[in-house]
Structures are given as C-alpha cells and as structure tokens.
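Welcome, and please take a moment to turn the model around on your screen. The report below walks through its surface, its fold and its main pocket.

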Amino acid sequence: MKRPLLLGIGWLSLGAGALGVFLPLLPTTPFLLLSAWCFSRSSERLHRWLLDNPRFGHVIRRWEEEGTMERRIKLRAIGLVVLGFSITVLLVPMPLHARAGLVLLGLAIAYYLYRIPEPKKVVADSKELPEVAEDRS
C-alpha cells in the first residue's frame, strides 16, 4: 500500500511541477523535489530518471546530496515568485486582507529560498564534491 501511494504522490507532484513551468503562482522546484523524494522511496527507476534529466536533474541531485542550491537558480526562483505574486496581487480582484496574505506568503517563500545554502566554489581541477556554504544564521 505504501509504494502505490508514494508513486501516486510522486506522479501528481511531477505533474504539478510541470504545470508550474507555465503557471506563475505554482512553484516548480518544490514539486520536483517532492516527486524525487517519493520516487526515491518507491521506484529507483523513476528516481534515476529524474536525476538524469538534463534540464533539472542537477538541481535535484545537488539538493539531495548537499542540501544546497546554486545562486542563479535561487535568484531565478525568487524573481519568479515576486513576479507571479505581484501580478496576482495587482490584477486579480480580491479583498485587501487576501492581498496582504499573498504579499506575506510571497515574502516568506522568497526569504526561504534566500536562506538555502549555496555550494562553495571549488578549484576546477578538483574532483571532490564542493563543500556546503555555512548557514547565514
């Protein structure tokens, strides 16, 4: 029962992540990470398929192995969060408290993304994995 449930959640989150590429308020990366987690516990083949994806596999692999995210990916994600939430707050009719809630939610997501550690730079000749940057606490 556990395996089919994890496979189902994995596929649903993968679909939501794919939709997030086109819909501004639906995040892509968290759904892909959830999908990778579910597949890692239910199907090694599907997990490997996600990790080997040329478009986003490296992001998932770095997150799983190091708990880090490259600065350019973080900045792109923060920019898309700000853009998506701004468009919604400015163009969709809603009560003031709903707008305030969306602004706070968008700020919380952007702050969370900002706080994710970045990999340390390594010398190009080094074959070792990069060390994790220190937490900004």
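Let's begin on the outside of this predicted model. A nonpolar patch on the surface is formed by Leu80, Leu83, Ile87, Leu90, Leu91 and Val92, and together these residues have about 610 Å² of accessible area. One of them, Leu83, belongs to helix α5. Is Leu83 buried or exposed, or in between? Its relative accessible area is 49%, so Leu83 counts as partly exposed, since exposed means over 50% and buried means under 20%.

Now for the fold as a whole. The chain has six helices and zero strands, and from the N terminus on its elements read α-α-α-α-α-α. Of the 137 residues in the chain, 32% are buried.

Next comes the largest pocket, which holds about 1,100 Å³ of space. Its lining is made up of 35 residues, and those nearest the centre are Pro27, Thr28, Thr29, Ala77 and Leu80. Leu80 is also part of the surface patch described above. Here are the elements that each give two or more residues to the lining:

| Element | Residue range |
|---|---|
| α1 | 2–20 |
| α2 | 29–42 |
| α4 | 57–66 |
| α5 | 71–91 |
| α6 | 96–115 |

Which element gives the largest share of the lining? That is α5, with nine residues. As for the chemistry of the pocket lining, you will find 26 nonpolar, six polar and three charged residues there.

Notes:
Residues numbered from 1 in each chain as written. Predicted model: local features only at pLDDT ≥ 70, side-chain atom pairs only at ≥ 80, totals over all residues. Heavy atoms only, no water. 1 Å grid on protein atoms, 1.4 Å probe; cavity = no way out; pocket = protein on both sides within 12 Å on 5 of 7 lines; lining within 4 Å. Points joined across faces, edges and corners; volume = space filled by probe spheres on them. Helix = DSSP H or I, 4+ residues; strand = E, 2+ residues; numbered from the N terminus. Nonpolar A, V, L, I, M, F, W, Y, C, P; charged D, E, K, R; others polar. Patch = residues over 30% accessible without salt bridge, like charges linked within 9 Å, V, L, I, M, F, W, Y side chains within 5 Å. Areas by Shrake-Rupley, 256 points an atom, 1.4 Å probe, with all protein chains shown as cover. Salt bridge = Lys/Arg side-chain N within 4 Å of Asp/Glu carboxyl O. Buried < 20%, exposed > 50% of the residue type's maximum accessible area, 1.4 Å probe, protein only.
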